[in-house]
Amino acid sequence: MTIRTVDLRSDTITLPTDEMRAAMAKAVVGDDVYGEDPTVNQLEQEAAALVGKEAALFVPSGTMGNQIAVLTHTGRGDEVILDSEAHIYYYEVGGPAMLAGVQLQPVNGLLSDKGPELLKAALRSEDIHFPHTSLVCLENTFNRGGGTILPPNIMSEIYAIAKQRGLQVHVDGARIFNAAVSLGIDVREFTQYCDSVMFCLSKGLAAPVGSLLAGSKDFITRARKYRKALGGGMRQAGILAAAGLVALKSIDRLAEDHANAKRLAAGLAELPGLHIDPARVQTNIVIVEVKGRLTAAELVNQLAERGVKCSTFGPNLIRLVTHKDVAAEDIEYALAAAKEILC
Ligand code: TLP
């Protein structure tokens, strides 16, 4: 077979479109630390309206957005409840301990239908020995869960429990538009059940840089100070925000990534030595269990030799992510490459 490159490592690798580059070139900019960049201000206003919050803050990355949320919602020594596979726990370099000085309570299965009862069980009673719990972090879609959606009814139950106990709820919504597009509902169906939400422009939406953190006016005013403290005050950031504004117009395109992910999962499910539950492929992430003679790392290497790039996600798990720069033909090529290795 003629080798072609199909990069399924992540939707973070998407390249900006010509329309984004043109918008960046002619963006009207100013000093955003003084609040004077009109393009950043427009992006923040549009983003807030889109997710149904009072205000939003443009940040360089999803990680910074999540960390600012944790800093803003908590005090030193507080406890934060989150899923044991959540990005904030698993992939953010211990930021909550390093920056906010909080203790995390990872709960296995929080981001599932059992989430509400697991949250209740994780909540502590009042006791001199216990930390003060102030925040619950959710993730939608759930990356390590395989891009699965936490449906609005479950979020609503979790939110109600949190509010009864005076807790704040933050959603790592790096891919929340994937969830909304997949269910065919407005993203506010989800975001009504949280106090803050972070979403990324630089994943499936294909902007080169940037995420938004949204919440109440008071929350964003406080968050803005933490962004400055972390070095995230970006001056003429309208150059980047201009691409973000274009990205927000391309949300519906995510449906193509979901269709490609379903096709990929269906094809891989037919190959010997692989196991996938197609029902778990709800958006653009496909997690596959490698059960045959190859380890996950060996399969990843052999696919890479054929130009198909993907990631190991555990000793016997691999992750493949569909995105704007992967076409339906690329999926067929990746399937042919996997077949050649496994059959
Ligand atoms: N996820 C990346 C890696 O960090 C694993 C990926 O390739 O999926 N929340 C979620 C749910 C994410 O998946 C990511 C990125 C982030 C936050 C962080 O966003 P960035 O990369 O902008 O800091």
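In this predicted model, the buried residues of helix α6 pack against the strands β3 (79-83), β4 (103-107) and β5 (133-139) and against helix α7 (152-164). Helix α6 spans residues 115-122, and its buried residues are Gly115, Pro116, Leu119 and Ala122. These four lie on the same side of α6, because they cover an arc of only 125 degrees around the axis. An α-helix has 3.6 residues a turn, so residues three or four places apart point the same way. The other side of α6 carries Glu117, Lys120 and Ala121, which are exposed.

The packing of α6 with α7 can be described further. The two helices pack at an angle of about 20 degrees, and their axes are 9 Å apart. Because angles under 35 degrees count as roughly parallel, α6 is roughly parallel to α7. The crossing of these two helices is right-handed. On the α6 side the contact is made by Gly115, Pro116, Leu119 and Lys120, and on the α7 side by Ile154, Glu157, Ile158 and Ile161. Sorted by class, the residues of this contact comprise five nonpolar, one polar and two charged. Lys120 thus appears among the exposed residues of α6 and also among the residues that meet α7.

A second helix pair is formed by α13 (residues 296-305) and α14 (residues 328-342), whose axes come within 10 Å and cross at roughly 120 degrees. The two helices are therefore oblique to each other. The crossing of α13 with α14 is right-handed. Leu299, Gln302 and Leu303 of α13 meet Ala334, Ala337, Ala338, Ile341 and Leu342 of α14. This contact has seven nonpolar residues, one polar residue and no charged residue.

Helix α8 (176-183) has Ile176, Phe177, Asn178, Ala179 and Ala180 as its buried residues. They pack against the helices α2 (38-50), α9 (188-191) and α12 (254-269) and against the strands β6 and β7 (196-200). Just after α8, glycine 184 takes a positive phi of about 65 degrees.

Arginine 175 is placed in the loop between β6 (168-172) and α8. Is this arginine buried or exposed? Arginine 175 counts as buried, since its relative accessibility is 5% and the cut-off for burial is under 20%. Leaving aside residues up to four places away in sequence, arginine 175 touches Ser10, Asp11, Asn140, Thr141, Asn143, Lys203, Asn284, Ile285 and Arg319. Two of these partners, asparagine 140 and threonine 141, are joined by a cis peptide bond with omega at about 0 degrees. Threonine 141 belongs to the loop between β5 and α7.

Alanine 261 lies in helix α12. Its relative accessibility is 0%, so alanine 261 counts as buried. Its contacts, again without residues up to four places away in sequence, are Val281, Thr283, Asn284, Val286 and Thr322. Asn284 is therefore listed for alanine 261 and is likewise touched by arginine 175. The C-alpha atoms of alanine 261 and glutamate 79 are separated by 36 Å, and these residues are 182 residues apart along the chain.

Alanine 97, in helix α5 (residues 95-100), is exposed, with a relative accessible area of 51%. The C-alpha atom of alanine 97 is separated by 9.1 Å from that of glycine 77, and the two residues are 20 residues apart along the chain.

Two loop residues other than glycine have a positive phi: valine 93 and arginine 235. Valine 93 is in the loop between α4 (87-90) and α5 and is exposed. Arginine 235 is found in the loop between α10 (217-229) and α11 (238-247) and is partly exposed. The relative accessible areas of four residues discussed above are collected in the following table.

| Residue | Relative accessible area | Class |
|---|---|---|
| Arginine 175 | 5% | buried |
| Valine 93 | 69% | exposed |
| Arginine 235 | 34% | partly exposed |
| Alanine 97 | 51% | exposed |

The phi values complete the description of the two loop residues: phi is near 60 degrees for valine 93 and near 55 degrees for arginine 235.

Key
Residues are numbered from 1 along each chain as its sequence is written. This is a predicted model: local features need pLDDT of at least 70, side-chain atom pairs count only at pLDDT 80 or more; totals for chains, interfaces and linings use all residues. Side-chain values use heavy atoms; hydrogens and water are left out. Buried means under 20% relative accessible area, exposed over 50%, partly exposed in between (1.4 Å probe, protein chains only). The arc is that of the directions from the helix axis to the C-beta atoms. Contact means heavy atoms within 4.5 Å. Axes are lines fitted to C-alpha atoms, for helices over the stretch in contact, and angles run from 0 to 180 degrees between N-to-C directions. Angles under 35 degrees count as roughly parallel, over 145 as roughly antiparallel, 65 to 115 as roughly perpendicular and the rest as oblique. A crossing is left-handed if the near helix is turned anticlockwise from the far one by less than a right angle, and right-handed if clockwise. Ala, Val, Leu, Ile, Met, Phe, Trp, Tyr, Cys and Pro count as nonpolar, Asp, Glu, Lys and Arg as charged, and the others, Gly among them, as polar.
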